[in-house]
Amino acid sequence: MRILIVEDDPLLGDGLAASLRIRGWVADWVRSASQAAAAEACSPFDAVVLDLGLPDGDGIALLRKWRSQLRHLPVLVLTARDAVDARIAGLDAGADDYLIKPIAADELSARLRAVLRRAKGRPEIVWRHGGLSFDPQSRQVSWKGEPVELTAQETALLELLLAHPQQVLSKPQIQEKLYDWGRSADSNTVEVFIHHLRRKIHPAVVRTIRGLGYCLGDPSALER
Amino acid sequence: MTLQRRLLLIVLVAAPAVWLMALSIGAWSARAEINELFDTEQVRMAQRLAALLTAMPRAPKGNDQAEPAAVIVQDLSPVASAALAPAAVEGDAELGDMSVAAWDAAGQLLFADAEGPVLPYRTGVTGFVELGSDHDRWRIYYLALPPPGGSVAVGQAVKEREELIQGLMLGQAGPWLLMLALLLPVLYFGVRRTMAPVVRLAGGIETRPSSDLRPLPTAGLPGELRPLIEALNRLFGRITESIEHDRRFTADAAHELRTPLAATKAQWEVASESQDPQQRAQARANVATGLDRMGQLVSQLLALARLDAVRTVDFARKVDWRELVEQTVSGVLALADERGVEIDVQWQMDAAAVLPVIGNPELLSVALRNLLDNAVRYGSGGSQIEIALGAGSIRVLDRGPGVPPEMLPRLGDRFFRAGGQETIGSGLGLSIVQRIARLHGLELRLANRPGGGFCAELRRGEWPPADSHL
């Protein structure tokens, strides 16, 4: 899942991005409201972690703008403003959650998962697809009850496919979701990861649809 | 006691009291007038009688005295009647209250009034006498006749005069009482109506929640109350400002403390979890930076809090500027060397005459240190920093990029950082300098230099400071 962090403090922004990446998120960090608006417009983020006191404007204003444009994008406000009034104002401006600094990276991670469960309409804690299961919290993948060892990138790709079970994803779409701006992939890596998934789980776990992209294999096909 | 009650009491007691006083003065003066009038009448009547008697031939002595007396009574009766007897129309006359009598030299009654009582005989006296019991007192005028003698008396019942005075007074008091009965309620309601704005105002203030500091309405207020309410409104304004100031400070302090705390925490988590040794090392260095930042922030906040509470600091010490500048400059030398900045101290006059000559050297050193620190950190675009010490001002000048003009007014605000979050700093330094300056009756002026660079100037300000709350 790709997260946009909007935070003007260099130490905090850097730290948040790094600790979210360690937890398997794809994280991008911007330092101003204008950068945030531009980033959100050009990359497919799954959620935003938004600071309120930004050098070029208030995070609340940005949030209101997104909401007035009917963006469903989940937004977690992360701020030092702890007054009840400020919390109410933040939530009423369209925030999905309102968090007070400082926050443990694990909690931020859990909050992001909770917000994404609601946003994607997937209430289940463990995602299942035939004999395949994925626990977003531990990021553990199992095949027919047996744990499968996957790299972080492979797990992220599988998570992406599981998140859109009925959908064909093109290679550029996958690349945008898997890589933040700092780490652009060479064009073959997606094929390499898909090859690894087929080898480690089941040859039919990912279907290639020529000319379109990839999607999860049919659960019945996985039984064979 | 409320003003309204006091006013009512004064008005309701004073009005009847004044009225009573007026009534008694009236009674006293009426009595004097009436006495004068009746006394004059009595004297005049006695004189007329005396004139008549002396003009009449007297009966020779030794004759039967009873008869002539009767004759005289008969003869005189028309005379007496002319003066005393009822006229054709009786009117309201009360004849029983008046009496006359005349005696000859021997004390023989010549005649007496038929209606009134017989007056007692006196001889040789001229003047007024009051006789009789309390209930039936008479005021009698005796007039001694010229030789061969005799006496005339004209008497009047005192009761008659009293009745007249009473009648007069009652005639006056009646309408007065009626007026008073009308006046008192009018006064009562008048006072209540006059005081109504005060009562309304008090009620309005009393029922306010303590957090409501909106100004009180001044429309429709009487002129006496307006200055009071305006003063109150100004006070409300100042309290609101002060509360807002505190609230903003707390919010800012919370933000400024939480952000480095959150940053340090996030970096610490990276340092302890990352698999990448290079990332771990970087995160550890970041943790150290974060801790430094928090340490600096906490000590600046404490310094500011101490300055806010300053009451007992000794400001009456002689300031040795040469020593103070030497110490302060050596304190920032390390940082200056690191940035390649040279510090040039310019004595524009004798060190003993630099302002302020009296003050607290430690605090002044903190102020100068903060200004120098800023110049070294943010003004290092130029290679030289000047400290110019003169009689009127102390200036710290750099040749750095200066500050965008729109940010100049906000520079002294707590936690404001013109450089944004890029620069390490608490945003409190200039607040501290400003506070110390004000405590010394100095003023901090911040401006960009013509030709590039920034100038911070401490100069003589207004004293005592108009606003000691900073």
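A residue is buried if 20 or more other C-beta atoms lie within 10 Å of its own, exposed if 12 or fewer, and partly exposed in between, with C-beta atoms placed from the backbone. This is a predicted model, in which local features need pLDDT of at least 70 and side-chain atom pairs count only at pLDDT 80 or more, while totals for chains, interfaces and linings use all residues. Residues are numbered from 1 along each chain as its sequence is written, and chains are lettered from A and ligands numbered from 1 in the order in which they are written.

**Exercise 1. Is A:K144 buried or partly exposed, and what is the sign of its phi?**

Step 1: A:K144 has 13 C-beta neighbours inside 10 Å, so it counts as partly exposed.
Step 2: Its phi is positive, about 50 degrees, although A:K144 is not a glycine.
Step 3: Now find A:K144 on the chain: it sits in the loop between β10 and β11 (146-148) of chain A. Here helices (H or I, at least four residues) and strands (E, at least two) are DSSP runs, numbered from the N terminus.
Step 4: Try A:R139 in the same way. Its phi is near 60 degrees, again positive in a residue other than glycine. A:R139 lies in the loop between β9 (132-135) and β10 (140-143) of chain A, and with 16 other C-beta atoms within 10 Å it is partly exposed.

**Exercise 2. Which peptide bond is cis, with omega near -5 degrees?**

Step 1: The bond to find runs from A:K101 to A:P102.
Step 2: A:P102 belongs to the loop between β7 and α5 of chain A.

**Exercise 3. What span should helix α5 of chain A have, and where are its buried residues?**

Step 1: The expected span of a helix is 1.5 Å times one less than its number of residues. For the 16 residues of α5(A), residues 105-120, this gives 22 Å, and the end C-alpha atoms are indeed 22 Å apart.
Step 2: The buried residues in α5(A) are A:A105, A:L108, A:S109, A:R111 and A:L112.
Step 3: They cover an arc of only 165 degrees around the axis, which puts them on the same side of α5(A). The arc is that of the directions from the helix axis to the C-beta atoms.
Step 4: A general rule helps here: an α-helix has 3.6 residues a turn, so residues three or four places apart point the same way.
Step 5: Among the elements covering these buried residues are β1 (2-6) and α1 (10-22) of chain A, and also α4 (226-273) of chain B.
Step 6: Just after α5(A), A:G121 takes a positive phi of about 65 degrees.

**Exercise 4. Why is α1(A) said to be largely enclosed by the rest of the structure?**

Step 1: Ten of the 13 residues of α1(A) are buried, so the helix is largely enclosed. Among them are A:L11, A:L12, A:G13 and A:D14.
Step 2: The buried residues of α1(A) pack against β1, β2 (26-30), β3 and α5 of chain A, together with α4 and α5 of chain B.
Step 3: The axes of α1(A) and α5(B) come within 11 Å and cross at roughly 145 degrees. Axes are lines fitted to C-alpha atoms, for helices over the stretch in contact, and angles run from 0 to 180 degrees between N-to-C directions.
Step 4: On the α1(A) side, A:L11, A:D14, A:G15 and A:A18 meet B:Q279, B:A283, B:N286, B:T289 and B:G290 in α5(B). Two residues are in contact if their C-beta atoms, placed from the backbone, lie within 7 Å.
Step 5: The residues of this contact divide into three nonpolar, five polar and one charged. Ala, Val, Leu, Ile, Met, Phe, Trp, Tyr, Cys and Pro count as nonpolar, Asp, Glu, Lys and Arg as charged, and the others, Gly among them, as polar.

**Exercise 5. How many residues does each chain give to the contact, and which element of chain B gives the most?**

Step 1: Chain B gives 22 residues and chain A gives 21.
Step 2: On the side of chain B that touches chain A, α4 and α5 (277-308) of chain B each give two or more residues.
Step 3: The most come from α4(B), with 14 residues.
Step 4: One residue of α4 of chain B is B:A251. Leaving aside its neighbours within four places in sequence, B:A251 is in contact with A:R81 and A:A83.
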